[in-house]
Amino acid sequence: MNFSSRCQSLHRICSQHLHTTSITGPRLGVLGVKLSKGQSKSGVDNGPEVIRSTNFIKTLEKDIGNVKRYTVTDYGNIQAHYPEKDLIVKKIRNPHAIGDTCKQVSLKVQDILQNGDPVFTLGGDHSVAIGTIHGHAQVQPDMCLIWVDAHADINTATTTNSGSMHGMVNSFHLHELEPFKVDLPGFDWIKPSLRAKDIVYIGLRDVEPLERLILEKYGIRVFAMHDVDRLGILEVTKRALDVVNPRLARPIHVSFDIDAYDSTVAPSTGTSGLLTGLDLVEVNTAIGSPLDQQKTLFAANQTLLAFCGNNRAGNLPLDIKQELNNRLPPCVGN
């Protein structure tokens, strides 16, 4: 099963009730974050605009078969501002710029959610999720987190080898890791909002040894890529939700790194009701050939549409579906 189909499976299970307060259909807010200094490759800050260029918003504003059209509000971009010379603290690069930007992101996500719109955030590198997850948790403190990524991104300032903050995101959110916190400029605003039981990973295939130690020490459930291959994404998603949301009563935040795709599907990446927050990050069309870039943008487009219910096999139009429901006899045994 390809990863777009996997997203559709995740959507079917956990996101059937995006807000339906609008007359035309579910509501959705889109926010871009032009942040790239959480990692070392240039170009990922253009992610919001190149993802928008796939016209996924226009697609959502139309009827997609049996999926009612969305009322989409595009809240524009948050632009990161980098000081001429940022500090390096405990090997951590660009903390001031990232901290200040993520604070803005958190506040904006809070505003959008309080306005009644689920938030789709377009990165930018994965450090944007420091802000998106924090903001989500301030409005819906009972939320849980599904992290879909090839990497765990749970290094602390003392375990990171690279000093890149896109690999440290979840250490800011977990109460269990607060004793290992290092004071960083720009991060005085953030407090942990999740516990280890509130997060589950899907798709891991490249975990550093000290990250593995953290995951095992605190009992954080991981469904690695080999689990997806062995069990199938539908079963993995059910099991993941059984871990963090067994009664399907908690808001869900999905943080999706484009490198969760196989590199042959999305090669242009800087690293090889319930659903009320989604991040799509690390789309970098400055990397790779034109064909690589095209593949990555297609993957990004299909991912966003899949989380909104679009089916790659085709969606039955609403009027035809209703007509068939009226004409066809009930299934035997129902």
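Right after helix 7 comes G219, a residue with a positive phi near 65 degrees. Keep in mind that this is a predicted model. From that spot, this briefing moves through helix 7, on to Y218, and then out to the sheet and a pair of helices.

**Helix 7**

- Helix 7 covers residues 209-217, and its buried residues are E211, I214 and L215.
- Looking down the axis of helix 7, you find these buried residues within an arc of 95 degrees, so they line one face of the helix.
- In general, an α-helix has 3.6 residues a turn, so residues three or four places apart point the same way.
- The buried residues of helix 7 pack against two strands, strand 7 and strand 8.
- On the face turned away from the buried side, helix 7 carries P209, E216 and K217, which are exposed.

**Y218, in the loop**

- Y218 sits in the loop that lies between helix 7 and strand 8.
- Is Y218 buried, exposed or partly exposed? Its relative accessible area is 23%, and buried means under 20% while exposed means over 50%, so Y218 counts as partly exposed.
- Y218 is in contact with E176, L177, F180 and A196, once its neighbours within four places in sequence are left aside.
- Along the sequence, Y218 and E176 are 42 residues apart, yet their C-alpha atoms are 7.6 Å apart in space.

**The sheet**

- Eight strands form an open sheet with parallel pairing, in the order 2-1-5-10-9-6-7-8.
- Strand 2 (71-79) and strand 8 (221-224) stand at the edges; each has a single partner strand, so one side of each has no neighbour in the sheet.
- On average, neighbouring strands of this sheet are turned by 15 degrees against each other, direction ignored.
- Four bridges join strand 6 (residues 144-148) to strand 7 (residues 199-204) in the parallel sense.
- W147 has Y201 of strand 7 as its bridge partner.
- Helix 10 (residues 290-307) packs on the sheet, where it touches strand 5 (119-122), strand 9 (252-257) and strand 10 (275-281).
- The direction of helix 10 makes about 175 degrees with that of strand 10.

**Helices 4 and 5**

- Helix 4 (residues 95-114) and helix 5 (residues 129-139) have axes that come within 7 Å and cross at roughly 40 degrees.
- The crossing of helix 4 with helix 5 is right-handed.
- Residues making this contact include I98, C102 and V105 of helix 4 and I130, G131 and T132 of helix 5.
- The contact residues divide into seven nonpolar, nine polar and no charged.

Key: Residues are numbered from 1 along each chain as its sequence is written. This is a predicted model: local features need pLDDT of at least 70, side-chain atom pairs count only at pLDDT 80 or more; totals for chains, interfaces and linings use all residues. Side-chain values use heavy atoms; hydrogens and water are left out. Two strands pair if DSSP finds at least two bridges between them. Axes are lines fitted to C-alpha atoms, for helices over the stretch in contact, and angles run from 0 to 180 degrees between N-to-C directions. Contact means heavy atoms within 4.5 Å. A crossing is left-handed if the near helix is turned anticlockwise from the far one by less than a right angle, and right-handed if clockwise. Ala, Val, Leu, Ile, Met, Phe, Trp, Tyr, Cys and Pro count as nonpolar, Asp, Glu, Lys and Arg as charged, and the others, Gly among them, as polar. Buried means under 20% relative accessible area, exposed over 50%, partly exposed in between (1.4 Å probe, protein chains only). The arc is that of the directions from the helix axis to the C-beta atoms.
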